[in-house]
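Here are a few exercises to work through with the model open. Try each task before you read its solution.

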Amino acid sequence: MVRPIADLEGHPDIVEMRARYDQVAETPAARITDGALMLAGLYLAVSPWIVGFPPFEANLSVNNFICGIAIAVLAGGFAVAYGRTHGLAWLPVVLGVWTIVAPFVILRGYATGGTIANNIVIGVITICLGLVAMRPGMVASKRR
């Protein structure tokens, strides 16, 4: 019978894997990506007030605020502890796709041009940065 490991955090393989992820995440490209992703998230959070969404787009403003804060928090997690958060690196990509389609889903076709353009541009930027943020995890897992 196999005895379960009580303290999995101290297992040598997990410690080695996290060290590898952290080493890859310390590269300048990874740091720049994390910083840019955080800025994109913060911009998305405040974009309704920068772009000037009309009052009837209040639901989209709340959506952008929540998604922006989520992206910024994820980017902060990637910058601080990528070894523990690498499994969430796909979330900015999903949030970027949602940012692109949100004006059409939430406002059902009544969104203004500035709102649509803002969400498409910041959504594409978030998708690209999210894909780049996923790369350190893929590189570290290939080095086994």
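**Exercise 1: Confidence**

Task: This is a predicted model, so start with how far to trust it: what is the mean pLDDT of the protein, and which elements have the lowest and highest mean pLDDT?

Solution: The mean pLDDT of the protein comes to 83, and 83% of its residues reach 70 or more. Now go element by element. Helix α1 (residues 12–25) has the lowest mean, 70, while helix α4 (residues 91–106) has the highest, 93. Keep in mind that where pLDDT is low, the predicted coordinates should not be read in detail.

**Exercise 2: The nonpolar patch**

Task: Find which elements give two or more residues to the nonpolar patch on the surface.

Solution: First pick out the members, among them Met-38, Leu-42, Trp-49, Phe-65, Ile-66 and Val-73. Together, the patch residues have about 1,100 Å² of accessible area. Next, map them onto the helices: α2 (28–52) and α3 (58–85) each give two or more residues. The largest share, 7 residues, comes from α2. For a member in helix α3, take Ile-66. Its relative accessible area is 53%, and the cut-off for exposed is over 50%, so Ile-66 is exposed.

**Exercise 3: The aromatic pair**

Task: Work out why the rings of Trp-49 and Phe-65 count as a pair, and of which kind.

Solution: Check the distance: the ring centres are 6.4 Å apart, so they fall within the 6.5 Å limit. Then the angle: the planes stand at 85 degrees, over 60, so the pair is edge-to-face. Trp-49 sits in helix α2 and Phe-65 in helix α3, 16 residues apart, so the pair links distant parts of the chain. Last, accessibility: Trp-49 is exposed at 58%, whereas Phe-65 is partly exposed at 41%.

Terms used: Residues numbered from 1 in each chain as written. Predicted model: local features only at pLDDT ≥ 70, side-chain atom pairs only at ≥ 80, totals over all residues. Heavy atoms only, no water. pLDDT = per-residue confidence, 0-100. Helix = DSSP H or I, 4+ residues; strand = E, 2+ residues; numbered from the N terminus. Patch = residues over 30% accessible without salt bridge, like charges linked within 9 Å, V, L, I, M, F, W, Y side chains within 5 Å. Areas by Shrake-Rupley, 256 points an atom, 1.4 Å probe, with all protein chains shown as cover. Salt bridge = Lys/Arg side-chain N within 4 Å of Asp/Glu carboxyl O. Buried < 20%, exposed > 50% of the residue type's maximum accessible area, 1.4 Å probe, protein only. Phe/Tyr/Trp six-rings, centres within 6.5 Å; stacked < 30°, edge-to-face > 60°.
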